[in-house]
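Work through the exercises below with the model open beside you. Try each task before you read its solution.

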Amino acid sequence: MKRRDFLKKAGTGAAAAVAATAIMAPAVIAKKTYRWKMVTTWPPKLPVLQTGAERLAKRIEECTDGRLKIKVYAGGELIPPLQTFDAVSAGTVECGCGAAYYWAGKMPASQWFAAVPFGLNADGMSAWFHGGDGLKLWEETYAPFNVIPRPGGSTGVQMGGWFNKKINSLSDFKGLKLRIPGLGGKVISKAGATVVLVPGGEIFLNLERGVIDSTEWVGPLHDLRMGFWQAAKYYYYPGWHEPGTYLEYMFNKKAYESLPKDMQKIIDSVCMETEQWTLAQFNALNGAALQTLIDKHHVDLIKFPDKVLDGLRKLSDEVVAAEAAKDAMATKVNNSFQKFRKVIGTWGEISGKAYYNDIQKDYPLKV
Ligand code: CA
């Protein structure tokens, strides 16, 4: 059809405008908007952890141009924190945020995706997930529950905890009442301590009143916020029990797969971006908080003696072996983890470790 004929058929004025609108229509079709809920295991406003989940939701909304809006609920606001995994699995909510070791009772294998005493640090965990078969095994572990996991970033090496008594040998743990969760707690029990489970909000009071003798929490940023320096004399390092604790985001499989492919990829990319963001926050903010603890609160920083760490390491090996023997998936995950740890450890010895040892003289610890 010639242009002149077309114009004659379409008419002029209002009719032409209608025709033009009809031609333009495909570009302005309303986009479908998804509204999801995310529940987390964290208290409201907890820096980097809860605020990180809220940041992730905002980034996903930005990157999908508003097509996926996620409302984030802190632990207890919608469901109890430790029901996060079940809620995502059942599809009660579309997604969640936590740490995989919380689900150890359901699947022992989950613990390797969060923290293993004397295991991989943040760099090593990231390498295992994205350069080894860590993430593949994590997906396999969660698959029977219809949950898709995504690594959420690491806290870095945590601190060893707050004590009112010096730990000079392994036997000094005997009779102590400690708040230390997970595999680390199992190791400390073997050393003769009593592990007491105390919810986050009650730790300070229990420590101050002597209901517990010691507690670990996270690192300087979160420990400063809890005020532990007012209730305990010694701040021990390193956090042998949580050398690179990883956080997780998880998605209900059906909900994830109901999204257009590009939006699934955006979720994956924003999760990976969040990994980088999380570790960067912990490193930057822990450094500043440690300086405050040293300069302002004159905290007595003490390194666990080598022989104490050696003793804890032996007990940890026993605990990890026993956990790995619990089922076939845990055995498979542990085998992959230990193999990877050996390979990356040798590389770390001649790269990161050698370098840190050298530059350490620029940053002598003044306490
Ligand atoms: Ca901890």
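**Exercise 1. Count the disulfides, and explain the result for Cys-95 and Cys-97.**

Solution. The model is a predicted one. Start with the cut-off: a disulfide needs two cysteine sulfur atoms within 2.5 Å. The count by this rule is zero disulfides.

Step 1. Take Cys-95. Its closest cysteine sulfur is in Cys-271, 8.9 Å away, which is too far for a bond.

Step 2. Take Cys-97. Its closest cysteine sulfur is also in Cys-271. The distance here is 9.1 Å, again too far for a bond.

Step 3. Check the surroundings. Buried means under 20% relative accessible area. Cys-95 has 0% relative accessibility, so Cys-95 counts as buried. Cys-97 has 1%, so Cys-97 counts as buried too.

**Exercise 2. Find the protein donors of the calcium ion, and say what Trp-217 and Glu-242 tie together.**

Solution. Step 1. List the donors. They are Gln-158 (OE1), Glu-216 (OE) twice, Trp-217 (O) and Glu-242 (OE). They lie 2.1 to 2.9 Å from the ion.

Step 2. Read their spacing along the chain. The pattern is Q-x57-E-W-x24-E.

Step 3. Place the pair. Trp-217 sits in the loop between strand S8 (214–215) and helix H9 (220–226). Glu-242 sits in the loop between strand S9 (234–237) and strand S10 (246–252). The pair therefore ties together parts that are 25 residues apart in sequence.

Step 4. Check burial. Both Trp-217 and Glu-242 are buried.

**Exercise 3. Trace the open sheet of six strands and name its edges.**

Solution. Step 1. Write the order: S7-S6-S8-S5-S9-S11. The pairing is mixed.

Step 2. Look for strands that pair on one side only. These are the edge strands, S7 (194–195) and S11 (300–303).

Step 3. Zoom in on one pair. S9 and S11 run parallel and are joined by four bridges. Tyr-234 stands opposite Asp-300 in S11.

**Exercise 4. Locate the largest nonpolar core.**

Solution. Step 1. Note its size: 49 residues. Among those with the most contacts inside it are Trp-36, Leu-68 and Phe-251.

Step 2. Find the contributors. Elements giving two or more residues include strand S1 (34–40), helix H3 (50–63) and helix H11 (261–295). H11 gives the most, with nine residues.

Step 3. Compare with the domains. Domain 1 (34–154 + 244–283) and domain 2 (161–243 + 296–353) both give residues, so the core lies between them.

Step 4. Follow one residue. Leu-68 touches residues including Tyr-34, Ile-60, Leu-259 and Ile-267.

Key:
Residues numbered from 1 in each chain as written. Predicted model: local features only at pLDDT ≥ 70, side-chain atom pairs only at ≥ 80, totals over all residues. Heavy atoms only, no water. Donors = N, O, S within 2.8 Å, 3.2 Å for Na, K, Ca; no water. Buried < 20%, exposed > 50% of the residue type's maximum accessible area, 1.4 Å probe, protein only. Pairing = 2+ DSSP bridges. Core = buried A, V, L, I, M, F, W, Y, C linked by side-chain atoms within 4.5 Å. Domains from an automatic or database assignment. Contact = heavy atoms within 4.5 Å. Lists of a residue's contacts leave out its neighbours within four places in sequence.
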